[in-house]
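Reader: I have a model open and want to learn how to read it. Can you take me through it feature by feature?

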Amino acid sequence: LRFQLKPDGPANQIILHVKMHDQNNQQQQQAVGILGVNLIHACYYHANDVEKLLVSLMDTIKGRVSIDMIDLHGPDFKDIDNRWLSYLLVKNGLSEVAMFGPDGKNVHPSDFLYKKSLLIVRGNFLPPTKVNMDMLDSGLKQFKEEKEVDPEGAVPLVEITLDHLEYLKFNIEKDFLDRANLLCAMNQTVIISNCEDRYKLVHYFSDYKIKKIGLVIGVEELRDIFTKHDEEDDDGALLISLGRLFTKQTKIYGYPSIDRKTDKYLNCINMHLPDGITFLFSHLIKKGKIEDIHHVDKNILSIWSQVAFQKIQSNDDQWEDMVPAKVAELIKEQELFGYKKA
């Protein structure tokens, strides 16, 4: 929709990508018609509140459509960062997933992911550390060696979930955009999702005929995932969850760690699991559904984003050794995450 907020004034433009959930054409046509009316109403009556604008688009059609990409620009919206709109889409339940590219522009998966192979690293990136980047680099190198993966069609993605984005409560918008700027500066394509259970993300990408999905997960988190499901497994929840996650296209790459209590090197082979799931975990390793990442930088495994963030907040210069040089430069230059220049 192209629209003017003032007679003979400059034009603004809003572009949406809509996913239909109704089962027949007539219902879909009706839903699109209602969405069009909602869109016209929203642009004129909620132009000064973009979150209210987005939420009002779903009036009377919630559950019938998803809006997973938005581009809003024009002279009346020059102060709006479209990446923030992606966050608002996910936060308000208009979509489970939204994406933006290294150039900071919102994108839709169909634009560049169709029939590709995806390697996904999840984190809070508060700030992006050397470990985050090594997970991506070493994981991608190993991922490209898979026989089903065309190295030219392998796409690395970083994912931030809503709970990661809401880690800081005092200024979520600034915190989110700070992280977005750093990840874009590191030339990353970013997924914002409400998929705490990873199988939901895998299911979302199934519409785009993805050839292979690799999920890089730290071994301690991987242990916690299996242990949590085992402790709650009174109705087969673990097997159901694993069945949804481990589709034919999915594989987990375990990124090693240093145990915080014992300082021992942990990987998928030597980490301790409850007796009830040891056999199942070993079976997944033997079937090639879980695999250790082999070529990692062992000198950085004791770096944690939370520690780096705390050191930034307390003006402890040690944080600079925990993040890539470009990230450190931008944090100091833009005074991100509470950093204060001397």
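Author: We go from the whole chain to sheets, cores and single residues. Keep in mind that this is a predicted model.

Reader: Start with the whole. How many helices and strands are there in the protein chain?

Author: The chain holds 12 helices and 13 strands. Its radius of gyration is 22 Å, close to the 20 Å that the globule rule gives for 342 residues, so the chain is as compact as a globular protein of that length. Along the principal axes, the C-alpha atoms fill a box of roughly 70 × 60 × 40 Å. Buried residues make up 51% of the 342 residues. Now take the contacts with a separation of 6 or more: 75% of them join residues 24 or more positions apart.

Reader: On to sheets. What is the order of strands in the open sheet of three?

Author: First the general idea. Strands of a sheet pair through backbone hydrogen bonds, either parallel or antiparallel. In this sheet the order is β1-β2-β3, and the pairing is antiparallel. β1 (2–3) and β3 (65–73) stand at the edges with a single partner strand each, so one side of each has no neighbour in the sheet. Helix α1, residues 25–45, packs on the sheet and touches β1, β2 and β3. The direction of α1 makes about 150° with that of β2.

Reader: How many bridges join β2 to β3?

Author: Eight bridges join them, with β2 spanning residues 12–20. To find the register, look at L16, which stands opposite I70 in β3.

Reader: Pick one residue in β2 for me.

Author: Try Q13, which sits in that strand. Its relative accessibility is 17%, so Q13 counts as buried; the cut-off is under 20%. The side chain of Q13 makes a polar contact with the side chain of R2, at 2.5 Å. Beyond four places in sequence, Q13 touches residues including F3, D71 and H73.

Reader: Now a parallel case. Which strands run parallel to β10?

Author: β9 (residues 212–218) is joined to β10 by six bridges and runs parallel to it. β13 (residues 290–292) is joined to β10 by three bridges, again in parallel. For the register, L215 stands opposite I252 in β10, and G254 stands opposite D292 in β13.

Reader: Is β10 enclosed or open, and why?

Author: Six of the six residues of β10 (residues 250–255) are buried, so the strand is largely enclosed by the rest of the structure. T250, I252 and G254 point one way, while K251, Y253 and Y255 point the other way.

Reader: Which residues have the most contacts inside the largest nonpolar core?

Author: In soluble globular proteins, nonpolar side chains tend to be buried together. Here the largest core has 75 residues, and L54, Y255 and I331 have the most contacts inside it. Leaving aside neighbours within four places in sequence, L54 is in contact with I70, L85, L88, L89 and L94. Another core, of 36 residues, lies apart from the largest one; F246, L273, F281 and I290 are among its members.

Reader: Last, the backbone. Where is the cis peptide bond?

Author: Most residues other than glycine have a negative phi, and most peptide bonds are trans. In this model a cis bond joins L126 and P127, with omega about 0°. P127 lies in the loop between β6 (117–122) and α4 (130–143).

Reader: Which residue in the segment after α12 has a phi near 50°?

Author: That is E335, a residue other than glycine with a positive value. F337 also lies after α12, and its phi is about 55°. At 32% relative accessibility E335 counts as partly exposed, whereas F337, at 6%, counts as buried.

Conventions. Residues numbered from 1 in each chain as written. Predicted model: local features only at pLDDT ≥ 70, side-chain atom pairs only at ≥ 80, totals over all residues. Heavy atoms only, no water. Pairing = 2+ DSSP bridges. Helix = DSSP H or I, 4+ residues; strand = E, 2+ residues; numbered from the N terminus. Contact = heavy atoms within 4.5 Å. Axes fitted to C-alpha atoms, helices over the stretch in contact; angles between N-to-C directions. Buried < 20%, exposed > 50% of the residue type's maximum accessible area, 1.4 Å probe, protein only. Core = buried A, V, L, I, M, F, W, Y, C linked by side-chain atoms within 4.5 Å. Polar contact = N/O pair within 3.5 Å; in protein donor to acceptor, adjacent residues only side chain to side chain. Rg over C-alpha atoms; globule rule 2.2 N^0.38 Å.
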